[in-house]
Amino acid sequence: MFFGLTLQAVVLIVLTPLVWVWWGWTAAVACLFGGAVALLNSGLLVWRWHRGLVDYHCDGARHLRSFHRSAMERFFVVGVLLAAGFAMLKLAPLPLLTGFIVGQLAWVIAAAGHKTD
């Protein structure tokens, strides 16, 4: 799980200067903000996972409630932060979404490629 967060951070560190060179510093800030939203989303997921290792139980209904709550929390946080980036901070939409999508793809690739033998 922490490998995915590390990979996301590295991808964002590499992507931001490239966007700065190609589109300028305002686009780089928007891209970094979108990537930070994706990183926070994954960080919340890892935090919930790590917390679940300590609070171990065998109640299926409780697991389902916890899963649902975690999904809703992450959805709300991502929605609010993206809306804030678009509306309040007036960041460029394309670089912001590009940073978010690249960050999410880095998480998916890390999760798919990481073996947990």
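Trainee: What makes the phi of lysine 90, just after helix 3, worth a remark?
Mentor: In this predicted model, lysine 90 takes a positive phi of about 55° just after helix 3, although lysine 90 is not a glycine. Most residues other than glycine have a negative phi. Lysine 90 lies in the loop between helix 3 and helix 4, where a helix is a DSSP run of H or I of at least four residues and a strand a run of E of at least two, numbered from the N terminus.

Trainee: Why is lysine 90 called buried, partly exposed or exposed?
Mentor: Buried means under 20% relative accessible area, exposed over 50%, and partly exposed in between, with a 1.4 Å probe and protein chains only. Lysine 90 has a relative accessible area of 66%, and is therefore exposed.

Trainee: How do you know which class valine 10 and threonine 16 belong to?
Mentor: Both belong to helix 1, where valine 10 is found and where threonine 16 also has its place. Valine 10 has 44% relative accessibility and therefore counts as partly exposed, whereas threonine 16, with a relative accessible area of 14%, is buried. Threonine 16 touches Ala28 and Leu32, leaving aside residues up to four places away in sequence, a contact being heavy atoms within 4.5 Å. As for valine 10, its C-alpha atom is separated by 9.4 Å from that of alanine 106, although the two residues are 96 apart along the chain.

Trainee: What makes arginine 48 count as buried or exposed?
Mentor: Arginine 48, which has its place in helix 2, has 17% relative accessibility and so counts as buried. With residues up to four places away in sequence left out, arginine 48 touches Arg69, Ser70 and Glu73. Ser70 is itself one of the buried residues of helix 3.

Trainee: How do you know what the buried residues of helix 2 and helix 3 pack against?
Mentor: The contacts tell us: the buried residues of helix 2 pack against helix 1, helix 3 and helix 4, and they include Ala27, Gly34, Asn41 and Arg48. In helix 3, the residues Ser70, Val78, Leu82, Ala84 and Gly85 are buried, and the buried residues of helix 3 pack against helix 2 and helix 4.

Trainee: How do you know how the spans of helix 2 and helix 3 compare with what is expected?
Mentor: The expected span is 1.5 Å times one less than the number of residues. Helix 2 has 30 residues and reaches 43 Å from its first C-alpha to its last, close to the expected 44 Å, while helix 3, with 29 residues, reaches 41 Å, close to the expected 42 Å.

Trainee: Why are helix 1 and helix 4 called roughly parallel or roughly antiparallel?
Mentor: Their axes come within 9 Å and cross at roughly 150°, the axes being lines fitted to C-alpha atoms, for helices over the stretch in contact, with angles from 0 to 180 degrees between N-to-C directions. Angles under 35 degrees count as roughly parallel, over 145 as roughly antiparallel, 65 to 115 as roughly perpendicular, and the rest as oblique. Helix 1 and helix 4 are therefore roughly antiparallel to each other.

Trainee: What makes up the contact of helix 2 with helix 4, by class of residue?
Mentor: The axes of helix 2 and helix 4 come within 6 Å and cross at roughly 35°. Among the residues that meet there are Ala30, Phe33 and Gly34 in helix 2 and Leu96, Gly99 and Trp107 in helix 4. By class the contact has 12 nonpolar, seven polar and no charged residues; Ala, Val, Leu, Ile, Met, Phe, Trp, Tyr, Cys and Pro count as nonpolar, Asp, Glu, Lys and Arg as charged, and the others, Gly among them, as polar.

Trainee: What makes up the whole chain, and how much of the chain is buried?
Mentor: The protein chain has four helices and zero strands, and 29% of its 117 residues count as buried. Of the contacts with a separation of 6 or more, 78% come from residues 24 or more positions apart.

Trainee: Which conventions stand behind these values?
Mentor: Residues are numbered from 1 along each chain as its sequence is written, and side-chain values use heavy atoms, leaving out hydrogens and water. Since the model is predicted, local features need pLDDT of at least 70 and side-chain atom pairs count only at pLDDT 80 or more, while totals for chains, interfaces and linings use all residues.
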